[in-house]
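I opened the notebook on this model with a few plain lookups in mind: rings, charges, cavities, cysteines and backbone angles.

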Amino acid sequence: MKTIGVFALQGNVREHLAMLTEVGVEALAVRRPAELERVDAMVLPGGESTTMCKLARSFELFEPLQKRIADGMPVFGTCAGMIMLANEITGGISGQETLGGLDVTVRRNAFGRQVDSFEADLEFPDFDTPYHAVFIRAPWVERVGNDVEVLSTVRSGPAAGRIVAVRHDRLLATSFHPEMTGDARLHGYFAELVRGL
């Protein structure tokens with residue numbers, strides 16, 4: 001059985017662990033490099049991207065994570081996790097670091113503040129019915145590289161057309177929080193990607 005870790009220094013860790021267990025993989029909270037070595041893939045949850053990077057440095061996880069991503073480890077980044085995977089950020093704080101690997105430009109807090117949080121039904125090519133997504137201080141993708149597949153965009157409202165889900169080879173990222181919906185399809189999609197390696 002494949003083991004998928006969840007970056008457990010900040011964010012909705014329990015919810016991601018529960019979703020991964022639901023889709024039939026072993027799930028492990030990762031706080032230390034030794035735990036990272038035990039996993040086949042990682043989930044980077046929502047949270048606060050600058051704090052998450054600082055914590056990763058404090059717990060000596062930043063470079064090992066960066067190296068595993070560069071070496072091809074599958075990663076699913078959600079909300080702040082999308083920002084951490086992006087090669088480029090706009091709207092970030094001065095000197096903000098990312099783990100990189102995902103050839104996109106992400107705008108931090110693109111949809112506004114906490115009060116501007118919203119929900120929307122999204123279309124995904126692999127799903128028969130819409131996916132109900134929860135956006136909280138969410139980023140969006142402003143630029144995608146040539147090899148990045150756009151999986152979903154906002155369909156209506158002031159943000160219509162904005163890119164909110166992408167895949168680049170073994171890296172999957174969403175602007176929203178799939179762990180908060182009760183819908184495990186995206187975790188299942190990621191688990192299948194990991195099982196296929």
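My entries follow, one topic at a time.

**Status.** I am working on a predicted model. I keep that in view throughout.

**Aromatic pairs.** I counted ring pairs first. The count comes to 8 aromatic pairs. I looked at F76 and F190 in detail. Their ring centres are 5.6 Å apart and their planes stand at 45°, so I log the pair as tilted. The reasoning needs the cut-offs: under 30 degrees would be stacked, over 60 edge-to-face, and the rest is tilted. Where do F76 and F190 lie? F76 is in strand β4, residues 75-78, and F190 is in helix α6, residues 185-195. The pair therefore ties together parts that are 114 residues apart in sequence. I also checked whether the two are buried or exposed. Both F76 and F190 are buried.

**Aromatic cluster.** Which residues form one aromatic cluster? I list F118, F124, F127, Y131, F135 and F176. I came back to F127 in two later lookups, one for a charge and one for the cavity.

**Helix α6.** F190 sent me to the rest of its helix. I find α6 mostly covered, with 8 of its 11 residues buried. The buried ones are L186, H187, G188, Y189, F190, A191, L193 and V194.

**Charges over rings.** I noted two arginines here. R57 lies over the face of F62, 4.1 Å from the ring centre. R185 has its charged end over the ring of F127, at 4.8 Å from the centre. F127 is also a member of the aromatic cluster.

**Cavities.** How many cavities of 30 Å³ or more are there in the whole structure? The search finds 1. I record a volume of about 40 Å³ for the largest cavity. Its lining consists of F124, P125, D126, F127, L151, L186 and Y189. F124 and F127 are cluster members too. L186 and Y189 I had already written down among the buried residues of α6. I then sorted the lining by class. I get 6 nonpolar residues, no polar ones and 1 charged. Asp counts as charged, so the charged entry is D126.

**Cysteines.** I looked for disulfides next. The count is 0. Why is C53 not bonded? Its sulfur is 13 Å from the closest cysteine sulfur, that of C79, which is too far for a bond. The cut-off I need here is 2.5 Å between sulfur atoms. I ran the lookup from the other end as well. For the sulfur of C79, the closest cysteine sulfur is in C53, again at 13 Å and too far for a bond. I then checked burial. C53 is buried, at 4% relative accessible area. C79 also counts as buried, with 4% relative accessibility.

**Backbone angles.** My last lookup was phi. Most residues other than glycine have a negative phi. I flagged two residues against that background.

R137 is not a glycine, yet its phi is positive, about 45°. I place R137 in the loop between β8 (131-135) and β9 (140-144). R137 is partly exposed, with a relative accessible area of 32%.

D169 is not a glycine either, and its phi is positive at about 60°. D169 sits in the loop between β11 (163-168) and β12 (171-174). Is D169 buried or exposed? I have it as exposed, at 54% relative accessible area.

Technical notes. Residues are numbered from 1 along each chain as its sequence is written. This is a predicted model: local features need pLDDT of at least 70, side-chain atom pairs count only at pLDDT 80 or more; totals for chains, interfaces and linings use all residues. Side-chain values use heavy atoms; hydrogens and water are left out. Rings of Phe, Tyr and Trp (its six-membered ring) pair if their centres lie within 6.5 Å; planes under 30 degrees apart count as stacked, over 60 as edge-to-face and the rest as tilted. Helices (H or I, at least four residues) and strands (E, at least two) are DSSP runs, numbered from the N terminus. Buried means under 20% relative accessible area, exposed over 50%, partly exposed in between (1.4 Å probe, protein chains only). A charge sits over a ring if NZ of Lys or CZ of Arg is within 6 Å of the ring centre and within 35 degrees of the ring normal. On a 1 Å grid over the protein atoms alone, a cavity is a set of points where a 1.4 Å probe fits but cannot get out, and a pocket is an open set with protein on both sides within 12 Å along at least five of seven lines; lining residues have an atom within 4 Å of a point. Grid points are joined across faces, edges and corners, and a volume is the space filled by probe spheres set on the points.
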